[in-house]
Amino acid sequence: MPARSMTMVADAEGEPDPETPPDGPLRRCLATRAVQPKTALLRFVVGPDGTLVPDLANRLPGRGLWITPERDIVALAAAKNLFAKAARERVVVPADLVDRVAALLARDLLDRLGLARRAGQAVAGFEKVRALLVEGAAGLLFAASDGATDGRRKVRALASDVPLVECLASAELAAALGRDTVVHAAVRQGSFAERLAMAAVRLEKMRDARDRLTD
């Protein structure tokens with residue numbers, strides 16, 4: 001039986017393919033045309049009224065329209081009408097699509113961080129973060145985007161090999177972690193940290209500098 005092409009694997013929707021690569025099912029970005037794992041892309045569908053709808057959970061019915069979750073790329077796809085071309089039908093793209101996607105990604109990341117806190121997998125405050133780092137148990141660090149540079153430098157000095165997320169403001173971290181103020185936070189190694197790290201990468205690429213400082 002001849003080998004299946006990468007395009008066939010990348011374009012397939014539905015159940016995982018038996019020849020799925022180790023990184024998971026592949027999809028093609030409709031803007032860059034690059035083939036990437038689904039986890040690195042953002043899925044959209046066309047709603048019943050023809051409006052483009054972001055599908056962060058990859059669960060909505062309909063043909064998936066996949067795109068690299070980067071601010072400039074999403075804006076380019078909207079400007080060039082690439083969603084309609086890929087869907088082969090008229091698609092209504094919200095004028096604030098880029099900001100709407102960024103807000104949804106932020107909400108997703110904060111919800112995941114809150115869940116990690118309730119599961120006892122996240123700590124907040126410099127001393128608790130420091131203790132987790134000294135223990136060697138931290139899998140992901142958070143530093144408020146509007147916090148002091150010196151504080152981020154101190155945390156980074158304790159563990160240069162632990163990923164650091166800097167796209168959330170102090171107020172956002174505080175709301176997710178149930179505290180009045182949060183500048184530093186950490187998540188224990190494990191599935192929570194891994195999923196949060198992936199969610200953070202997507203948000204960082206969708207937010208510009210102004211978002212990180214003013215939200």
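How many bridges join E3 to strand E4 (residues 52-54), and in which sense do the two run? Select both strands in this predicted model, and the pairing shows three bridges between E3 and E4, with the strands running antiparallel.

**Stop one: strand E3 and its partners**

Keep strand E3, residues 42-46, in view and colour its residues by burial: five of its five residues are buried, and the strand is mostly covered. In a regular strand the side chains alternate between the two faces of the sheet. On E3, Leu42, Phe44 and Val46 lie on one side, Arg43 and Val45 lie on the other, and all of them are buried, so that both faces of the strand are covered.

Next, select Val46 together with Leu52, which stands opposite Val46 in E4. Following the chain from one strand to the other takes you through a hairpin with five residues between E3 and E4, and in the turn you can pick out Gly50, which has a positive phi of about 90°. Then add strand E5 (residues 65-67), which pairs with E3 in the antiparallel sense over three bridges; here the residue pair to display is Arg43 and Trp66, the latter standing opposite Arg43 in E5.

**Stop two: the four-stranded sheet**

Hide the hairpin and select E6, E7, E8 and E9, four strands that form an open sheet with mixed pairing, in the order E6-E9-E7-E8. Strand E6 (122-124) and strand E8 (164-165) stand at the edges, and because each has a single partner strand, one side of each is left without a neighbour in the sheet. At the E6 edge, the pairing with strand E9 (residues 184-188) is antiparallel and runs over three bridges, and Val123 can be shown opposite Ala186 in E9.

Now bring in the helices that pack on this sheet. Helix H5 (residues 126-135) touches E6, strand E7 (138-143) and E9, and its direction makes about 35° with that of E9. Helix H8 (residues 191-206) also packs on the sheet, touching E7, E8 and E9, with its direction at about 35° to that of E7.

**Stop three: His184**

Within strand E9, centre the view on His184. Is this residue buried or exposed? His184 has a relative accessible area of 10%, and since the cut-off for burial is under 20%, it counts as buried. Leaving aside residues up to four places away in sequence, the contacts of His184 include Val123, Ala124, Gly125, Phe126 and Val129, as well as Phe142 and Ala143, and also Gly151, Arg152 and Val155.

**Stop four: the largest pocket**

Turn on a pocket display and go to the largest pocket, which holds about 430 Å³ of space. Of the 14 residues that line this pocket, Leu56, Ala57, Asn58, Arg112 and Arg202 lie nearest its centre, and they make a convenient selection. Helix H4 (97-118) and H8 each supply at least two residues of the lining, and the largest share, four residues, comes from H8, the helix already met as it packs on the sheet. Colouring the lining by class gives six nonpolar, two polar and six charged residues.

**Last stop: the whole chain**

Finally, show everything again: the chain has nine helices and nine strands, and of its 215 residues, 44% count as buried. If you draw a contact map, restrict it to residues at least 6 apart in sequence, and 62% of those contacts join residues at least 24 apart.

Key:
Residues numbered from 1 in each chain as written. Predicted model: local features only at pLDDT ≥ 70, side-chain atom pairs only at ≥ 80, totals over all residues. Heavy atoms only, no water. Pairing = 2+ DSSP bridges. Contact = heavy atoms within 4.5 Å. Axes fitted to C-alpha atoms, helices over the stretch in contact; angles between N-to-C directions. 1 Å grid on protein atoms, 1.4 Å probe; cavity = no way out; pocket = protein on both sides within 12 Å on 5 of 7 lines; lining within 4 Å. Points joined across faces, edges and corners; volume = space filled by probe spheres on them. Nonpolar A, V, L, I, M, F, W, Y, C, P; charged D, E, K, R; others polar. Buried < 20%, exposed > 50% of the residue type's maximum accessible area, 1.4 Å probe, protein only.
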